[in-house]
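Trainee: Please take a close look at one part of this chain, the helical part, and describe how its elements are covered and what surrounds them.

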Amino acid sequence: MKAIAYTHHALPLDDPRSLDLHELPAPAPGPRDLLVAVRAVAVNPVDTKVRAFFPTEGARILGWDAVGTVEQVGSDVTLFKPGDTVYYAGSLTRPGNHAEYSVVDERIAGHKPTSLSDAEAAALPLTSLTAWELLFDRLGVPENGGAGDTLLVVGAAGGVGSILVQLARRLTGLTVIGTASREETRDWVQQLGAHHVVDHRKPLTEELARINVNQVRYVASLTHTERHYAQLVQALAPQGRLALIDDPESLDAMPLKRKSASLHWEFMFTRPMFETDDMQRQHDILERVAALVDSGVLRTTMGDHYGKIDVANMRRAHARLESGLARGKIVMEGF
């Protein structure tokens, strides 16, 4: 099968070893696995991080978002059948999905939203799982709850922020404040439903004061946590909750003590990586997201469609993500 992979880490994108087309054996499904013929994919910051920091022996396939058709099911599969169209993010412990075929455990896959194209649906799995787990599992906001409280989303125009803003606005009573720094990203966050948009290039406490917000109950820090940390702690209400998904070099939790504030990490690969007892919750989340999309409650977060799944477009997508200027998700479809 054709696959886009890297063979040496930490190389510039114009080096063929950083991303190139390879001919590799198609994977075989295990007992709980689906063998999927991939039709569309998305690109995420995790792809660039793995390529930059993780050495590999042989060709390592990247990509943790896909839409495709189930070609074969394992002996113990009960949730899907051949011919089903599925969407999923997969697991970091397995090869990625930027290939003609991939395997995924049925417990972390969902049926694709019927109202979306393959490309539109490919934008959703990883970020939907991350946003859902962050909001409801980590921060502990109850569905249909949160009235009178405020959520600050730092980096609201990115892939996770784009779905998190929608979930918080549509499924809770929270006042949602998103951060964005450019006119196009501010407009994007407003279109997704944020009550307010502030500029994270400016002091956040001053930006919050500008919209008459003194403190927030919940903070979702999706990017540059180190840069904003002191101000996030200052903006956080006593007994508030701070969740993050990025990778600060260090993080001192002591400033949170005075406010009895709690710190939460969200990493959507935890459940499949450790095969937790509640691993099938990710299937349930993806099924729920699909239903919400098909009923018009949520919309795709596709920002740019780069065309075919090929090396040139994949390098272009990695460069865009590394620039920090991406809006929503970058998708591709068809080999």
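Mentor: The account below goes from helix to helix, with the neighbouring loops taken up along the way.

The model is predicted, with local features described only at a pLDDT of at least 70 and side-chain atom pairs only at pLDDT 80 or more, whereas totals for chains, interfaces and linings use all residues. Residues are numbered from 1 along each chain as its sequence is written, and side-chain values use heavy atoms, without hydrogens or water.

The unreviewed UniProt entry annotates residues 14-332 as "domain: Enoyl reductase (ER)"; UniProt positions are given in the numbering used here, feature names are shortened, and such annotations may be inferred rather than shown by experiment. Within residues 14-332 the chain is 32% helix and 24% strand, and the end C-alpha atoms lie 20 Å apart. Helices (H or I, at least four residues) and strands (E, at least two) are DSSP runs numbered from the N terminus.

Helix H3 (residues 125-138) is a suitable place to begin. Its 14 residues should span 20 Å at 1.5 Å a residue, and the 18 Å between its end C-alpha atoms agrees with this; the expected span is 1.5 Å times one less than the number of residues. Twelve of the 14 residues of H3 are buried, so the helix is largely enclosed by the rest of the structure. Here buried means under 20% relative accessible area, exposed over 50%, and partly exposed in between (1.4 Å probe, protein chains only). Among the buried residues of H3 are Pro125, Leu129, Trp132, Glu133 and Phe136. Gly140, with a positive phi near 75°, follows H3.

Next comes a helix pair. Helix H4 (residues 159-171) and helix H5 (residues 183-192) pack at an angle of about 30° with their axes 9 Å apart. The axes are lines fitted to C-alpha atoms, for helices over the stretch in contact, and angles run from 0 to 180 degrees between N-to-C directions. Ser162, Val165 and Gln166 of H4 meet Trp188, Val189 and Leu192 of H5, where contact means heavy atoms within 4.5 Å. By class, four nonpolar, two polar and no charged residues take part in the contact of H4 with H5 (Ala, Val, Leu, Ile, Met, Phe, Trp, Tyr, Cys and Pro count as nonpolar, Asp, Glu, Lys and Arg as charged, and the others, Gly among them, as polar).

Helix H7 (residues 225-235) has a buried side. Thr225, His228, Tyr229, Leu232, Val233 and Ala235 are its buried residues. These cover an arc of only 150° around the axis, which puts them on the same side of H7; the arc is that of the directions from the helix axis to the C-beta atoms. An α-helix has 3.6 residues a turn, so residues three or four places apart point the same way. Arg227, Ala230 and Gln234 are exposed on the other side of H7. The cover over its buried residues includes strand E9 (150-154), helix H6 (204-210), strand E12 (216-221) and E13. Beyond E13, in the loop that leads to strand E14 (262-265), lies Pro255, which is partly exposed at a relative accessible area of 37%. Leaving aside neighbours within four places in sequence, Pro255 is in contact with Tyr229 and Val233, both buried residues of H7.

Helix H10 (residues 311-323) has 13 residues and reaches 18 Å from its first C-alpha to its last, close to the 18 Å expected at 1.5 Å a residue. Its buried residues are Val311, Asn313, Met314, Ala317, His318 and Leu321. They fall within an arc of 165° when seen down the axis of H10, so they line one face of the helix. Among the elements that cover them are strand E1 (2-6), strand E3 (33-43), helix H1 (45-53) and strand E16 (329-333).

One contact of Met314 leads to His98, in the loop between strand E6 (85-88) and strand E7 (101-105). His98 is buried, with a relative accessible area of 1%. Not counting residues up to four places away in sequence, His98 touches Met314 and others including Ala3, Val41, Asp47, Leu62 and Phe335.
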